[in-house]
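Subject: A structure for you to look at

Hi,

Here is the structure I promised to pass along. Have a look at it first, and my notes follow underneath.

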Amino acid sequence: MNLDPGWLLLLSMSLEVWSVPLDRNATPQEAHSPQEDKQEDNVDTGLYYDRYLREVIEVLETDPHFREKLQTANTEDIKNGRLSKELDLVGHHVRTRLDELKRQEVSRLRMLLKAKLDSTNTQSEVFFKGLEDQDYICFLSHLLKPSVYPQGLQMDHASLLKQFEHLDPHNQNTFEAKDLELLISTATKDLENYDAERHDEFKRYEMLKEHERREYLKGLDQEKREKEEKRMEELKDKHRKHPKVNAPGSVAQLREVWEETDGLDPTEFNPKTFFKLHDANGDGVLDEQELEALFAKELEKVYDPKNEEDDMMEMEEERLRMREHVMKNVDINQDRLVSLEEFLKSTDKKEFNNPKEWDTLDDTKPVFTEAELQRFEAELHTKEEELGRRAESLRQEQDLLKERGKALEAQRREYQQAVLEMSQRKEKQAVEGQPPTGPNGELQFHQEMQKLEDQGAKAPVEQEVQEAQNNLPAEPPQNLPIHT
């Protein structure tokens, strides 16, 4: 799927390809199949509605009219929702497919919502039972009203409401201009906060790593602790010993890519040619992935996945820092894309030819303070206590299930014993020629004997009837005198 710069504004992370610097010295590779190319296209934006966003874009780009408008639209037209009005002019088959995509997304959000309720309180099963489609919409529109929940059901209202900001929850069946406007505005806002969220995740990762380090050392005796602390310091010192890292976006850094990666003469470095070489998809701009690909050589100086002292999570944070540095100095209109004009203007700045030395994460102050670490550890302690309570509750439930299992096993054995005794009793009676007994020990007779008894009881009665019939005269007397 070839996306225009306008859509790249929404996605930020390019959906076309991971942009890799050209290697002139590399041996030719076999052509990729269309399926392999499609897999390369699937670069996740990090948005929870990433798939829905991709599919909507793919469908809209199949309409010639909308695609033409997109090519001529600027970033402001996309941001302010002016482009959304063009949705009314797309073909019927496009609208039908968009309607279908929205219904699928609404269905997915319902499942997310129910899963959230299920994980919060088992009363949700009763709450959702028999809920009609129109009731879902009513429910979504009243997410902030606690009165709509069953008593005792606690919900994270803000988190749930956020899940529906990218579409209109009041209309679940059709994709309208408002849905496109909401999708664009929400994606733009979320992508603007994406880098901040990545920094926050890295901070939590570093605090967890430090917490685990301290806990590990705390569990050692004095001699082993000193020995381990010395080993850790040696690893840190080894990590700090690396070649000089050029400032990202500087002439030294770009010349290094030009020479070592592109295989070109460093004396013939040309910014315009460099830009076109690394505009991998030829859309006239460098997106964030194409920029980050330029920093591979610098990152290799500091990080090697084979080395124990090198943390690959730190490498990704360093890559993000480099990209933000370049965007801050080059991206004039802050559309998260670098045009050729912006790129050439940046080469005229003093910082391009005489940049300050780049400070890596090791050279900067820690990403967290001691106070932040203490708060983080308090959160961990609270979560550990909660997990402990849940584990204890599960253990008690497990013990109860074991007791019930033992009781059921005892009942099963008693039943098997009773069946065995009854079978043995029947076999014994069959050997001794006695009639079998019933459940309560009463004698049971065979059906043949019962038939004989019934026939014997009926025989005297039938004999008396036969004798009475034999004693009757065969014919009444004939020609008897008539008495007058």
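A word on naming before anything else: helices here are DSSP runs of H or I with at least four residues, numbered from the N terminus. Please also keep in mind that this is a predicted model.

With that naming, Phe-274 sits in helix α13, which covers residues 271–278. Is Phe-274 buried or exposed? Its relative accessible area is 1%, and because anything under 20% counts as buried, Phe-274 is buried. Arg-255 is 19 residues away from Phe-274 along the chain, and their C-alpha atoms are 9.2 Å apart.

Phe-274 also brings us to an annotation. UniProt has an unreviewed entry that lists residues 266–301 as "domain: EF-hand". In the model, that stretch is 56% helix and 6% strand, and the C-alpha atoms at its two ends lie 20 Å from each other.

Next, the helix I would look at on screen: α10, running over residues 177–218. It has 42 residues and spans 60 Å from first C-alpha to last, close to the 62 Å expected at 1.5 Å a residue. Even so, α10 has a kink of about 35°, centred on Tyr-194.

α10 comes up again at the largest pocket, which holds about 1,000 Å³ of space. The pocket is lined by 27 residues, and those closest to its centre are Glu-206, Lys-209, Glu-210, Lys-236 and Glu-314. Which helix gives the largest share of that lining? It is α10, with 8 residues. Helix α11 (222–240) is another contributor, as α10 and α11 each supply at least two lining residues. Sorted by class, the lining has 16 charged, 9 nonpolar and 2 polar residues.

Glu-314, one of the residues closest to the pocket centre, belongs to helix α16 (residues 312–330). With a relative accessibility of 12%, Glu-314 falls under the 20% cut-off and so counts as buried. Glu-314 and Glu-206 are 108 residues apart in sequence, yet 8.9 Å separates their C-alpha atoms.

One last residue, this time in a loop. Ser-250 is placed between α11 and α12, the latter being residues 251–261. Ser-250 is buried too, at 2% relative accessible area. Its C-alpha lies 7.1 Å from that of Glu-351, although the two residues are 101 positions apart in sequence.

Let me know what you make of it once you have had a look.

Best wishes

Technical notes
Residues numbered from 1 in each chain as written. Predicted model: local features only at pLDDT ≥ 70, side-chain atom pairs only at ≥ 80, totals over all residues. Heavy atoms only, no water. Expected span 1.5 Å × (residues − 1). Bend = angle between axes of the 7 residues up to and from the residue. UniProt positions renumbered as here; feature names shortened; annotations may be inferred. 1 Å grid on protein atoms, 1.4 Å probe; cavity = no way out; pocket = protein on both sides within 12 Å on 5 of 7 lines; lining within 4 Å. Points joined across faces, edges and corners; volume = space filled by probe spheres on them. Nonpolar A, V, L, I, M, F, W, Y, C, P; charged D, E, K, R; others polar. Buried < 20%, exposed > 50% of the residue type's maximum accessible area, 1.4 Å probe, protein only.
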